[in-house]
Amino acid sequence: MLAELPRTAAALRPPGRPRLVTAACLWSLPGLKTHLVAFDTAVVDLTSEVTDPVELLMRVQLGGGTDIARAVDYGASLVENPRRTIVALISDFYEGGDPFRLVRTVRQLVEQGTTVLCLAALDEAADPVYDRTLAGRLAEAGAPVGAMTPGRLAEFVAEQIGRGGQAR
């Protein structure tokens, strides 16, 4: 799971609560080997430090900017068995890095059989706030994009896994 820390005022406020809840929901799924990776322009694998993902993400403070492509490249390097892997990207999709590299890496993951799920950021009122253009390009590359509250997350994940994780 790749969780983007909010770009604005990251050192002044905690990561968006909907992102924390989403990360906690995914972390707690039974029977899965899960990695927790936070990013802005840096990528930090927090897997070895997680006992409570919400508490951990509340403590983590990275700088500004966003390089989603770098985080997805790192996530791709963790894939051992593509057909049994889900990469969940929680982001606002405002890419400060190379959007072409991001789409290319997501397309490569999907083509090798990895299920890539893109979960759009929500604001404090649980309204979607994300770059719809880049999200659309990721969906065209085969990664379904969802903008939902954590309460709908399980249904979305189940729907996508049931159809093989391919965007429709």
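## Helices and strands

Let's start with the building blocks: this protein has 6 helices and 6 strands. Keep in mind that you're looking at a predicted model. If you walk along the sequence, the elements come in the order β-α-β-β-α-α-β-α-β-α-β-α.

How do distant parts of the chain figure in the contacts? Take the contacts with a separation of 6 or more: 73% of them are between residues 24 or more positions apart.

## Inside and outside

The protein has 168 residues, and 47% of them are buried. As for the outside, the accessible surface comes to about 8000 Å². Carbon and sulfur atoms account for 52% of that surface.

## The nonpolar cores

Now for the inside. The largest nonpolar core is made of 23 residues. Which residues have the most contacts inside this core? They are Phe93, Leu102, Val106, Val116 and Leu138. Several elements each give two or more residues to the core: H3, strand E4 (86-91), H4, strand E5 (115-120) and helix H5 (132-140). Of these, H4 gives the most, with 5 residues.

There's also a second core, separate from the big one, with 8 residues. Among them are Ala88, Met148, Leu153 and Val157.

## Three salt bridges

How many salt bridges does the structure hold? The count is 3. One joins the side chains of Arg101 and Asp73, with N and O 2.7 Å apart. Arg101 sits in helix H4 (residues 99-111) and Asp73 in helix H3 (residues 68-78), so this pair ties together parts that are 28 residues apart in sequence. Arg101 is partly exposed, at 24% relative accessibility, and Asp73 is partly exposed too, at 28%. H3 and H4 have already come up here, as both give residues to the largest core.

Another salt bridge links Arg70 with Asp67, and its closest N and O atoms are 3.8 Å apart. Are these two partners buried or exposed? Arg70 is partly exposed, with a relative accessible area of 42%, while Asp67 counts as buried because its relative accessibility is 11%, and the limit for buried is under 20%. The remaining pair is Arg152 and Glu159, whose closest N and O atoms are 3.8 Å apart. Here Arg152 is partly exposed at 32%, and Glu159 is partly exposed at 30%.

## A buried charge without a partner

Asp131 is worth a look of its own. You'll find Asp131 in the loop between E5 and H5. This residue is buried, yet it has no salt bridge. Why does Asp131 have no salt bridge? The nearest side chain of opposite charge belongs to Arg137 and is 7.7 Å away, whereas a salt bridge needs the nitrogen and oxygen within 4 Å, so Arg137 doesn't qualify.

So what does the side chain of Asp131 reach? It gets to the backbone nitrogen of Thr133, at 2.9 Å. Setting aside neighbours within four places in sequence, Asp131 is in contact with Asp92, Phe93 and Tyr94. You've met one of those before: Phe93 is among the residues with the most contacts inside the largest core.

Notes:
Residues numbered from 1 in each chain as written. Predicted model: local features only at pLDDT ≥ 70, side-chain atom pairs only at ≥ 80, totals over all residues. Heavy atoms only, no water. Buried < 20%, exposed > 50% of the residue type's maximum accessible area, 1.4 Å probe, protein only. Helix = DSSP H or I, 4+ residues; strand = E, 2+ residues; numbered from the N terminus. Core = buried A, V, L, I, M, F, W, Y, C linked by side-chain atoms within 4.5 Å. Contact = heavy atoms within 4.5 Å. Areas by Shrake-Rupley, 256 points an atom, 1.4 Å probe, with all protein chains shown as cover. Lys, Arg positive; Asp, Glu negative; His and termini not counted. Polar contact = N/O pair within 3.5 Å; in protein donor to acceptor, adjacent residues only side chain to side chain.
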